[in-house]
Amino acid sequence: MLLAYVLGSVVAGLGMQFAIGGVIELLYYRRGRAGAEAWKCQPARWPSAANRRREILLGAANMTVASMASGAFAWGVATGALRTTIYFDRGSGIAASVGLTLAYFLVTDLGLYAAHRFLHRPLLFRHIHRWHHKFTSPTPFTAAAMHPVEFALYQSIMAAPLFVLPIPLVGLVGVLLYQNYVALIDHSGVRFHSWFPWQPPTQFHDDHHVHFHVNYGQNLGLWDRLCGTWRRHGRRYGKEVFGGRGEAIGGARDEGLVDYSRAPRIGEEVRSATERQEASP
Ligand SMILES: [Zn+2]
Ligand SMILES: [Zn+2]
């Protein structure tokens with residue numbers, strides 16, 4: 001019984017990662033390679049072969065271990081061995097269930113923002129989060145490619161509210177699938193714009209991999225707007241510019257927040273001669 005939950009969870013986790021990653025790999029990175037100016041967030045920068053191998057292996061290893069933990073967690077919930085606040089009945093009513101699901105989404109997304117921003121402090125960045133930032137032109141396989149401690153931290157943030165905040169099972173599964181999907185798409189390197197107004201286009205997180213200490217949000221752009229860590233025009237960002245707000249450029253005028261709703265879309269030709277091929281670290 002426990003084995004079935006663990007195996008099922010690993011198949012689902014890896015299946016989603018490789019299904020979405022595989023489709024994008026085939027449609028864009030293989031078939032569309034020659035016309036990358038029309039779809040790629042960074043048309044002139046490509047991951048090295050070594051980085052491709054590293055992100056696929058590290059991401060798959062993390063996903064396997066995390067899915068095993070999720071499977072064991074699900075088994076604990078199903079058998080009653082774990083006393084969580086997840087509920088299965090419809091007695092609470094639709095409005096309460098939707099509200100509680102929304103609360104879970106907001107609380108965990110804020111937790112992910114705070115944890116990610118915390119990992120950008122100099123010491124933690126150099127020892128842990130730098131693993132994820134080796135990939136300066138992300139692909140869907142970059143989404144789970146990080147230090148195992150970082151992956152475990154994010155998973156704990158998703159699990160912690162399940163012991164205090166009541167949430168319907170269907171809402172929980174929906175949030176987890178949505179967050180996983182957004183993580184994969186945000187790293188795709190393809191210029192997707194979301195149907196949902198609260199979710200910035202993929203260029204937002206792609207820029208996080210280009211400029212490092214800025215744009216920390218996972219699903220919502222809200223926290224970056226509120227906390228001043230949304231990328232601004234007229235400021236300098238980079239690997240050594242910590243703090244999330246960049247630094248002033250002498251003589252430059254601050255022109256306000258970058259408007260990602262106007263980021264290039266698929267089909268618009270963008271050329272960038274200054275970017276370079278990613279070097280193998
Ligand atoms: Zn980061
Ligand atoms: Zn990332």
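## Burial classes and the loop position of Ala44

A residue is called buried when its relative accessible area is under 20%, exposed when that area is over 50%, and partly exposed in between. In this predicted model, Ala44 has a relative accessibility of 26% and therefore counts as partly exposed. Ala44 belongs to the loop that joins helix H1 (2-30) to H2. Its C-alpha atom lies 27 Å from that of Asn219, a residue 175 positions away along the chain.

## Overall fold and dimensions

The chain contains eight helices and four strands, and their order along the sequence is α-α-β-α-α-α-β-α-α-α-β-β. The radius of gyration is 20 Å, close to the 19 Å that the globule rule gives for 281 residues, so the chain is as compact as a globular protein of that length. Measured out along the principal axes, the C-alpha trace spans about 60 × 40 × 40 Å.

Of the 281 residues in the chain, 47% are buried. Among contacts with a separation of 6 or more, 72% are made by residues that stand 24 or more positions apart.

## Surface and charge

The accessible surface of the chain amounts to about 14100 Å², and carbon and sulfur atoms account for 65% of that area. The chain carries 28 positive and 19 negative charges, and the mean positions of these two sets are 4 Å apart.

## Nonpolar cores

The largest nonpolar core consists of 26 residues, and those with the most contacts inside it are Ile86, Tyr104, Phe151, Tyr154, Leu162, Ile167 and Leu172. At least two residues of this core come from each of helix H2 (49-79), helix H3 (94-118), helix H5 (148-159) and helix H6 (169-186), and H3 gives the most, with five residues. Tyr154, one of the residues with the most contacts inside the core, touches Leu112, Ala115, His116, Leu119, His129 and Met146 when residues up to four places away in sequence are not counted.

A second core, separate from the one just described, is made up of twelve residues, including Met16, Ile24, Ala36 and Trp46.

## Gln17, a buried residue of helix H1

Gln17 is placed in helix H1, and with a relative accessible area of 2% this residue is buried. Leaving aside residues up to four places away in sequence, Gln17 touches Gly59, Ala60, Met63, Phe141, Ala144 and Leu184.

## Positive phi between H7 and H8

Most residues other than glycine have a negative phi. Phe212, although not a glycine, has a positive phi of about 70 degrees, and Asn215, likewise a residue other than glycine, has a positive phi near 55 degrees.

Phe212 is found in the loop between helix H7 (202-211) and helix H8 (222-227), and Asn215 is also found in the loop between H7 and H8. Phe212 has a relative accessibility of 7% and so counts as buried, while Asn215, at 0% relative accessibility, counts as buried too.

Note on methods: Residues numbered from 1 in each chain as written. Chains lettered and ligands numbered in written order. Predicted model: local features only at pLDDT ≥ 70, side-chain atom pairs only at ≥ 80, totals over all residues. Heavy atoms only, no water. Rg over C-alpha atoms; globule rule 2.2 N^0.38 Å. Buried < 20%, exposed > 50% of the residue type's maximum accessible area, 1.4 Å probe, protein only. Contact = heavy atoms within 4.5 Å. Areas by Shrake-Rupley, 256 points an atom, 1.4 Å probe, with all protein chains shown as cover. Lys, Arg positive; Asp, Glu negative; His and termini not counted. Charge placed at Lys NZ, Arg CZ, Asp CG, Glu CD. Core = buried A, V, L, I, M, F, W, Y, C linked by side-chain atoms within 4.5 Å.
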